Amino acid sequence: MGYLLVAACASLAVWLWLTLGQGMFWRTDTRLPPRHAPARWPSVAIVVPARDEAEVLPLSLPSLLAQDYPGEAEVILVDDGSTDGTADLARRLADAHPGLPLTVLSPGEPGAGWTGKLWALRHGIAHARSGVSHARSGARSDTSSGAGSVLGSSPDPGPDPDPGCGPDSAQGCTPDPGPGCTPDPGPGCTPDPAPGCTPDPGPDSIPGSSPGSSPGPAPDYLLLTDADIAHEPDSLRELVSAATAADLDLVSQMARLRAVSVWERLIVPAFVYFFAQLYPFRWINRPAARTAAAAGGCVLLRTEAAVRAGVPESIRQAVIDDVSLARAVQRTGGRIWLGLAERVDSVRPYTSLADLWRMVSRSAYAQLRHHPALLAGTVAGLVLVYLVPPAALLAGLAAGRPAVAWAGGLAWMLMAGTYLPMLRYYRQPAVLAPLLPLTALLYLLMTVDSAVQHYRGRGAAWKGRTYARPEDA
């Protein structure tokens with residue numbers, strides 16, 4: 001019982017520090033900073049990577065097409081090798097929901113050393129930066145007619161440039177002397193390209209442009225948003241207003257995740273609570289911050305900052321791409337901001353524990369840099385911080401040790417008290433607050449499972465793909 005008293009007191013001390021000294025992480029009032037309409041509304045390209053998203057796309061894509069934005073804006077959906085008809089569905093939705101113009105790209109399988117999402121973002125950003133889009137003039141891209149669309153997929157870019165790409169390339173196949181010129185033309189090229197020419201949508205090339213396209217200026221901002229994220233009609237306008245008013249290079253909102261099923265109610269609010277504990281928003285939003293993070297579902301990024309940071313190329317292997325993106329922007333002098341969203345929501349359902357388990361475990365060990373010592377420290381920390389308080393309270397009451405019971409009870413009370421604001425944000429009952437130790441136990445098991453799957457060769461698996469540790473890729 002003496003050891004339990006020490007552990008309970010240690011846990012209480014940790015909770016006092018977390019409550020008062022960890023950037024007030026538990027507060028949920030970090031929303032978009034003060035903003036006003038800019039004198040000139042900058043142009044924006046909305047880039048949406050999508051892989052097998054037919055289930056959620058009808059709930060999310062129409063919200064992007066319906067954005068009420070005073071400046072120029074377009075939507076670029078990048079189909080990342082879907083097998084459920086995502087690309088065709090996107091075109092049908094665009095026809096049924098007139099609004100912002102839509103371009104659909106299909107870049108093919110990821111190149112060596114790239115994750116699927118970042119490969120898709122690479123092509124979407126390249127297309128946006130090329131300035132080649134009938135969308136700029138208000139015409140919708142239609143892959144069935146070939147106007148302003150990308151029909152084919154680019155093969156995996158090789159590591160060495162191919163001098164064979166030159167002025168003799170076929171019409172519709174953009175010459176690119178940079179990496180990615182491989183002997184085989186993809187279906188995006190016209191039938192008889194010159195030997196060795198394959199289009200490569202690198203950072204400065206025009207992926208899959210059609211002969212009738214004409215270059216225009218690159219967009220001022222890129223909105224990187226996931227295919228399961230629905231936006232209110234003024235979402236883009238509010239994001240841009242905040243970025244321009246505060247001169248921010250990156251503005252990210254953590255979308256409100258769905259919390260409807262029993263397991264979602266138990267696990268989802270805690271997911272955001274734990275994230276904020278690791279990356280306190282107030283620390284991130286300081287002008288000279290050293291902490292960096294973003295929420296990948298909704299990131300408004302200044303195009304100049306993306307170029308300066310070399311993204312997505314510089315983070316192409318990152319499984320936790322949102323945090324890596326924020327760090328790359330901050331490292332190259334960019335100002336970043338992260339907060340909670342009011343009008344940006346995830347529509348992806350996680351109806352079972354297995355769904356949520358996969359969502360957490362696919363990247364948990366990557367968060368620990370695949371290091372066994374960090375895993376051991378994380379497990380010990382979760383036990384001390386979340387499991388010791390209720391154990392000490394119950395054991396102290398049972399054994400008649402009031403000091404143990406008081407230490408455990410106070411720590412548990414601080415834990416539940418700091419969790420209440422997140423539950424209110426998710427519109428969940430306060431009765432769930434004392435259950436946080438149970439949720440933490442589930443996260444502990446998910447983290448251990450993530451490590452086990454990694455060493456079995458199945459780590460970082462998502463939608464049929466498994467990604468190696470960066471140094472092994």
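Rings of Phe, Tyr and Trp, the last taken by its six-membered ring, pair if their centres lie within 6.5 Å. The legends below describe close-up views of a predicted model.

**Figure 1. Aromatic pairing and the Trp41–Tyr69 contact.** A search of the whole structure finds 11 aromatic pairs. One of them, between Trp41 and Tyr69, is edge-to-face, with 5.5 Å from centre to centre and 80° between the planes. The pair links distant parts of the chain, 28 residues apart. Trp41 lies in the loop between helix H1 (2-21) and strand S1 (44-50), and Tyr69 in the loop between helix H2 (57-65) and strand S2 (73-79). Both Trp41 and Tyr69 are buried.

**Figure 2. An aromatic cluster that includes Trp15 and Tyr443.** Trp15, Phe25, Tyr273, Phe274, Tyr386, Tyr419 and Tyr443 make up one cluster of aromatic residues. Tyr386 is also a member of the largest nonpolar core, and is among the four residues there that touch the most other members.

**Figure 3. Arg256 over the ring of Tyr425.** Arg256 lies over the face of Tyr425, 4.2 Å from the ring centre.

**Figure 4. The largest nonpolar core.** This core holds 118 residues. Leu61, Leu300, Leu301 and Tyr386 touch the most other members. Helix H6 (residues 262-278) gives the most to the core, with 9 residues. Leaving aside residues up to four places away in sequence, Leu61 touches Val75, Leu77, Ala90, Leu93 and Leu102.

**Figure 5. The second nonpolar core.** This core is separate and has 5 residues, including Ala8, Val388, Ala392 and Ala407.

**Figure 6. The open sheet of 8 strands.** The strand order is S3-S2-S1-S4-S7-S6-S8-S5, and the pairing is mixed. Strand S3 (102-105) and strand S5 (229-231) are the edge strands, each pairing on one side only. From one strand to the next the twist averages 30°.

**Figure 7. Pairing of S1 with S4.** S1 and strand S4 (residues 221-225) pair in the parallel sense over 4 bridges. Ile46 stands opposite Leu223 in S4.

**Figure 8. Helix H5 on the sheet.** Helix H5 (residues 235-246) packs on the sheet. The strands that H5 touches are S1, S2, S4, S5, strand S6 (250-256), strand S7 (298-302) and strand S8 (336-346). The direction of H5 makes about 45° with that of S7.

Technical notes: Residues numbered from 1 in each chain as written. Predicted model: local features only at pLDDT ≥ 70, side-chain atom pairs only at ≥ 80, totals over all residues. Heavy atoms only, no water. Core = buried A, V, L, I, M, F, W, Y, C linked by side-chain atoms within 4.5 Å. Buried < 20%, exposed > 50% of the residue type's maximum accessible area, 1.4 Å probe, protein only. Helix = DSSP H or I, 4+ residues; strand = E, 2+ residues; numbered from the N terminus. Contact = heavy atoms within 4.5 Å. Phe/Tyr/Trp six-rings, centres within 6.5 Å; stacked < 30°, edge-to-face > 60°. Lys NZ or Arg CZ within 6 Å of the ring centre and 35° of its normal. Pairing = 2+ DSSP bridges. Axes fitted to C-alpha atoms, helices over the stretch in contact; angles between N-to-C directions.
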